[in-house]
Amino acid sequence: MKARLQEMEDEANKLRDMQAKVEEEMNTIPGGAEANANREEADSRSIHVGGVDYACTPEELQMHFQSCGTVNRVTILTDKYENPKGFAYVEFLEADAVANALLLNDTEVHGRKIKVSAKRTNVPGMKAGRGGRGGRGGRGWNPYGMMMPMMMPMPYMGRGRGRGRGRGGRGGGRGGGGRGG
């Protein structure tokens, strides 16, 4: 019994050593923390532009924001079919150009008012304000905590137990007593 216990402890120590080695390698990935710092620094020099016309080109946005400072890069985001999503990011060479660019909020490009805001740095794993189901748009309260097929009987849907399906209690509908005639 003692030999088995010692064997298990040795195996646990080996696993701890292997885990520590892997964590050490993960922390010393070349450019890992440095790339994060560069991204945050670039984001501090960048703005988000919303309401961009689909026909607008990066060159036109660059011309619009040229008065704020030297434009380093303009990125108009597109979907998987290469269609513009209607917003863009503009990166400047100097950080103080962001304050000047914010003054261009509600100006017009291609006949559309644009919304200008400072770009925020994306934090992996954080989806702000996005819960699962619930709020508006859910299918009602489900006492069983699982997805329900569309053909599930009504008493299990979102209206509680109530009186069941139609109106009233017993009876065959439309006036009569429900028996015979």
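This is a short talk on a predicted protein model, from its overall fold down to one buried charged pair.

Let's start with the layout. The protein has four helices and six strands. Read from the N terminus, the order is α-α-β-α-β-β-α-β-β-β. The chain has 181 residues, and 18% of them count as buried. About 14,800 Å² is exposed, with 52% of that supplied by carbon and sulfur atoms. Now contacts. Take those with a separation of 6 or more: 54% of them link residues 24 or more positions apart.

Next, the core. In soluble globular proteins, nonpolar side chains tend to be buried together. Here the largest nonpolar core has 20 residues. Which residues have the most contacts inside it? They are Ile47, Val49, Leu61, Phe65, Val90 and Phe92. Five elements are on the list of those giving two or more residues: strand S1 (46-50), helix H3 (58-65), strand S2 (71-78), strand S3 (84-92) and helix H4 (97-102).

Look at Val90. Beyond four places in sequence, Val90 touches Ile47, Val49, Phe65, Val71 and Val74, among others. Arg45, Ser46 and Arg73 are also on the list for Val90.

Move one along, to Glu91. This residue is in strand S3. Is Glu91 buried or exposed? Buried: its relative accessibility is 9%, and the cut-off is under 20%. Its side chain has a polar contact with the side chain of Arg45, at 3.4 Å. Further contacts of Glu91 include Ala42, Thr70, Val71, Asn72 and Arg73.

So what about the partner? Arg45 lies in the loop between helix H2 (32-44) and S1. Arg45 counts as buried because its relative accessible area is 11%, under the 20% limit. Which other side chain does Arg45 join through a polar contact? That is Glu41, at 2.9 Å. The Arg45 side chain also reaches a backbone oxygen, that of Phe92, at 2.7 Å. Recall that Phe92 is among the core residues with the most contacts. Outside four places in sequence, Arg45 also contacts Asn72, Val90, Leu93, Glu94, Ala95 and Val98.

One more glutamate, for contrast. Glu59 is in helix H3. At 52% relative accessibility, Glu59 counts as exposed, because the cut-off is over 50%. Its C-alpha atom is 9.8 Å from that of Arg73, with the two positions 14 residues apart along the chain counted as their separation.

To wrap up: Glu91 is buried at 9%, Arg45 is buried at 11%, and a 3.4 Å polar contact joins their side chains.

Definitions and conventions:
Residues are numbered from 1 along each chain as its sequence is written. This is a predicted model: local features need pLDDT of at least 70, side-chain atom pairs count only at pLDDT 80 or more; totals for chains, interfaces and linings use all residues. Side-chain values use heavy atoms; hydrogens and water are left out. Buried means under 20% relative accessible area, exposed over 50%, partly exposed in between (1.4 Å probe, protein chains only). Contact means heavy atoms within 4.5 Å. Accessible areas come from the Shrake-Rupley method with a 1.4 Å probe; for residues, only the protein chains shown count as cover. A nonpolar core is a set of buried Ala, Val, Leu, Ile, Met, Phe, Trp, Tyr and Cys residues joined through side-chain atoms within 4.5 Å. A polar contact is a pair of N or O atoms within 3.5 Å; within protein, one must be able to donate a hydrogen and the other to accept it, and residues adjacent in sequence count only if both atoms are side-chain atoms.
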